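Hi,

Here is the structure I promised to pass on to you. Have a look at it first, and then read on for my notes on its empty spaces.

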Amino acid sequence: MLESIEEIKGEESWVRKANQPNLYFYFVDWSRHYLRSEGKSGLILYRKFLKNQDAQYVREFLKDDLIAIVTYPRGFFDEFRTTTCIALTEKDSDRDTAKFIRISDKKLLEEPDKIRKLVYNDEIGFGGYEITEIEKSNLQSEENWSKYLVDVKKSRKYLENSPITVRLD
């Protein structure tokens with residue numbers, strides 16, 4: 001499969017850099033080939049790609065075309081044991097930023113138009129999500145991108161109730 005991809009692309013694939021490439025690496029590499037300029041894709045990927053060491057090559061490959069990473073509550077797809085996210089891309093994108101959208105309200109996922117507004121608009125009039133917008137030039141493929149999806153309220157509450165937290169009032 002990799003040789004076929006490389007033959008059509010006329011260049012060596014970034015997948016070769018990974019020590020243990022997952023099968024979805026090939027899919028991600030190959031999927032861009034089918035997009036026209038400014039074509040859009042929505043890739044459902046293992047959520048671990050956001051922080052896995054070998055997946056830094058996936059992150060590097062997606063970075064320039066990235067529009068948004070969308071995560072949803074654990075157990076949204078009950079029948080699957082792995083957690084996933086959606087990477088939204090636009091081939092040859094001229095966007096300077098990428099959004100990291102953490103959806104916390106399952107009901108929001110039933111309304112695709114609202115998700116579209118989260119991705120493409122700045123002003124949204126509903127809740128159930130958090131957005132972090134990052135300059136693409138600040139996204140480093142070797143870093144853990146899941147840090148942009150941290151539930152700030154939940155983390156703060158955990159720290160406040162932690163027995164090791166010391167208040168300096």
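Please keep in mind that this is a predicted model. I went through one enclosed space and one open pocket, so here they are in turn, starting with the cavity.

The structure holds one cavity of 30 Å³ or more, and its volume comes to about 60 Å³. Around the cavity you will find Val28, Ser31, Arg32, Leu35, Ser41, Leu43, Phe61, Leu62, Asp65 and Thr89. Two or more of these lining residues come from each of α2 (23-33), β1 and α3 (56-63). The largest share belongs to α2, which gives three residues. Sorted by class, the cavity lining has five nonpolar, three polar and two charged residues.

Now for the second largest pocket, which has a volume of about 350 Å³. Its lining is made up of 18 residues. If you want to find the middle of this pocket on screen, look for Val70, Ile86, Leu88, Pro112 and Ile115, the lining residues that lie nearest its centre.

Which elements each supply at least two residues of this pocket's lining? They are β1 (40-46), β2 (66-71), β3 (84-90) and α4 (112-120). Of the elements, α4 gives the most, with five residues. As for the character of the pocket lining, 14 residues are nonpolar, two are polar and two are charged.

One element to watch as you turn the model is β1: it gives two or more residues to the cavity lining, and it also supplies at least two to the lining of the second largest pocket.

Enjoy exploring it!

Best wishes

Notes
Residues are numbered from 1 along each chain as its sequence is written. This is a predicted model: local features need pLDDT of at least 70, side-chain atom pairs count only at pLDDT 80 or more; totals for chains, interfaces and linings use all residues. Side-chain values use heavy atoms; hydrogens and water are left out. On a 1 Å grid over the protein atoms alone, a cavity is a set of points where a 1.4 Å probe fits but cannot get out, and a pocket is an open set with protein on both sides within 12 Å along at least five of seven lines; lining residues have an atom within 4 Å of a point. Grid points are joined across faces, edges and corners, and a volume is the space filled by probe spheres set on the points. Helices (H or I, at least four residues) and strands (E, at least two) are DSSP runs, numbered from the N terminus. Ala, Val, Leu, Ile, Met, Phe, Trp, Tyr, Cys and Pro count as nonpolar, Asp, Glu, Lys and Arg as charged, and the others, Gly among them, as polar.
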